[in-house]
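Work through the exercises below with the sequence and the model side by side, and try each task before reading its solution.

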Amino acid sequence: MFLLVGSLCVLASASAVGRAGHTQTLCGWFDNPTPGNAWLHDRSGEWTIGIQGGHQADGAWPEFSPSQWVATNRSYGYGCACITGVVNGETREVIRIDAARAQPLSTCRKDRALKEPAD
């Protein structure tokens, strides 16, 4: 599996991704369409960060400048980001975010393997 890290692609082993409680860096579209709901869509698919009334990853979400954020529902929307933390590859949930950083929108837009969320 390949991961987008900044402008570099990194190969991650499938066994590392499949283990529960594995620290990993994920990069792609951070989608926060409504309160308490957030996902990260990377080259391997969708990772759940938070579901309103349900699972919520521990740790701070990335902070985006206005130029790094596409608003689709008042202040909610999406941006390009990398998060490092503990993930569960079996459930595709982010358990804990240790570091999160916003990226320029162009970083995700240049990666043809990433589909930009709908407005």
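**Exercise 1. Locate Ser65 and decide whether it is buried or exposed.**

Solution. Ser65 is found in the loop that runs between strand 5 and strand 6 (69-73), where strands are DSSP runs of E with at least two residues and helices are runs of H or I with at least four, numbered from the N terminus. Its relative accessibility is 26%, so Ser65 counts as partly exposed, given that buried means under 20% relative accessible area, exposed over 50%, and partly exposed in between (1.4 Å probe, protein chains only). As a last step, the C-alpha atoms of Ser65 and Gln103 are separated by 9.6 Å, although these residues are 38 apart along the chain.

Before going on, note that this is a predicted model, in which local features need pLDDT of at least 70 and side-chain atom pairs count only at pLDDT 80 or more, while totals for chains, interfaces and linings use all residues. Residues are numbered from 1 along each chain as its sequence is written, and side-chain values use heavy atoms, with hydrogens and water left out.

**Exercise 2. Classify the ring pair of Trp29 and Tyr78, and then that of Phe64 and Trp69.**

Solution. The structure holds four aromatic pairs, a pair being two rings of Phe, Tyr or Trp (its six-membered ring) with centres within 6.5 Å, stacked if the planes are under 30 degrees apart, edge-to-face if over 60, and tilted otherwise. For Trp29 and Tyr78 the centres are 5.4 Å apart and the planes stand at 80 degrees, so this pair is edge-to-face. The pair links distant parts of the chain, since Trp29 belongs to strand 3 (residues 20-34) and Tyr78 to strand 7 (residues 76-88), 49 residues apart. Both of these residues, Trp29 and Tyr78, are buried. Phe64 and Trp69, in turn, are 4.8 Å apart from centre to centre with 40 degrees between the planes, and this pair is tilted. Phe64 and Trp69 are both buried, and ring pairs join them with Phe30 and Trp61 in a cluster.

**Exercise 3. Find which residues touch the most other members of the largest nonpolar core.**

Solution. A nonpolar core is a set of buried Ala, Val, Leu, Ile, Met, Phe, Trp, Tyr and Cys residues joined through side-chain atoms within 4.5 Å. The largest one has 15 residues, and those touching the most other members are Leu26, Phe30, Leu40, Ile49, Ile83 and Val94. At least two residues of this core come from each of strand 3, strand 4 (37-42), strand 5 (45-50), strand 7 and strand 8 (93-103). A second, separate core has seven residues, including Tyr78, Leu105, Cys108 and Leu114.

**Exercise 4. Find what joins Arg43 to Asp111, and say which parts of the chain are tied together.**

Solution. A salt bridge requires a side-chain nitrogen of Lys or Arg within 4 Å of a carboxyl oxygen of Asp or Glu, and a search of the whole structure finds three. In one of them the side chains of Arg43 and Asp111 meet at 2.8 Å, N to O. Arg43 lies in the loop between strand 4 and strand 5 and Asp111 in the segment after helix 2 (105-109), so the pair ties together parts that are 68 residues apart in sequence. Arg43 is partly exposed, because its relative accessible area is 33%, whereas Asp111, at 6%, is buried.
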